Amino acid sequence: GKNEGDEKRELIFKEDGQEYAQVLRMLGNGRLEAACIDGVKRLCHIRGKMRKKVWVSTGDVILLGLRDYQDEKADVILKYAPDEARSLKAYGELPDNFKIDLGVEDDGAEEEEDYVDFDDTDRPDLDLDLADI
């Protein structure tokens with residue numbers, strides 16, 4: 001089935017040549033734009049092992065492999081689950097201004113739906129009977 005890798009995995013921290021980032025927007029074709037914690041926006045490529053297996057979306061916290069020869073481009077190595085991202089923030093790996101649940105609209109608070117109330121019950125001119133037609 002989908003997402004069967006639910007079991008707890010060891011939290012992976014960044015190493016040399018890697019950086020934490022947050023997905024700004026998806027560009028299609030396995031590419032995305034991400035804001036790294038070093039303040040640089042980079043064009044990123046989702047590596048083949050992750051494509052079609054790990055779905056990356058806007059607002060996700062990811063681990064990037066930086067390129068020595070192109071600073072404006074990087075490769076997505078890993079996508080962190082929201083609880084892993086919170087752990088990284090707790091360990092001080094991510095800055096405090098990092099919004100973790102950016103892509104998730106549902107924060108658990110129930111919002112009132114906007115229902116349209118068609119109030120035509122008080123209009124006798126609209127009382128139509130199918131037999132009259």
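**View 1. Tyr20 faces a partner across two paired strands.** In this predicted model, Tyr20 stands opposite Leu63 of strand 4. Strand 1, residues 18-28, and strand 4, residues 61-66, run antiparallel and are joined by 5 bridges. If pairing is new to you, remember that strands of a sheet pair through backbone hydrogen bonds, either parallel or antiparallel.

**View 2. Strand 1 and strand 2 make a hairpin.** Follow strand 1 to its other antiparallel neighbour: 6 bridges link strand 1 to strand 2, which covers residues 31-36. Look for Ala21, whose bridge partner in strand 2 is Cys36. There are 2 residues between the two strands, and Asn29 in the turn has a positive phi of about 60°.

**View 3. Five strands close into a barrel.** Trace the strands in the order 1-2-3-5-4 and you go round a closed barrel with mixed pairing. From one strand to the next, the twist averages 50°. The parallel sense appears between strand 3 (residues 41-46) and strand 5 (residues 73-80), which share 4 bridges. Here Ile46 has Val76 of strand 5 as its bridge partner.

**View 4. Helix 1 packs on the sheet.** Helix 1 spans residues 82-90 and touches strand 1, strand 4 and strand 5. The direction of helix 1 makes about 105° with that of strand 5.

**View 5. Confidence along the chain.** The average pLDDT of the protein chain is 81, and 72% of the residues score at least 70. Over residues 103-110, though, the pLDDT is below 50, and this stretch has 2 contacts in the model beyond near neighbours in sequence. A friendly caution: where pLDDT is low, the predicted coordinates should not be read in detail.

Note on methods: Residues are numbered from 1 along each chain as its sequence is written. This is a predicted model: local features need pLDDT of at least 70, side-chain atom pairs count only at pLDDT 80 or more; totals for chains, interfaces and linings use all residues. Side-chain values use heavy atoms; hydrogens and water are left out. pLDDT is the predictor's confidence in each residue, from 0 to 100. Contact means heavy atoms within 4.5 Å. Two strands pair if DSSP finds at least two bridges between them. Axes are lines fitted to C-alpha atoms, for helices over the stretch in contact, and angles run from 0 to 180 degrees between N-to-C directions.
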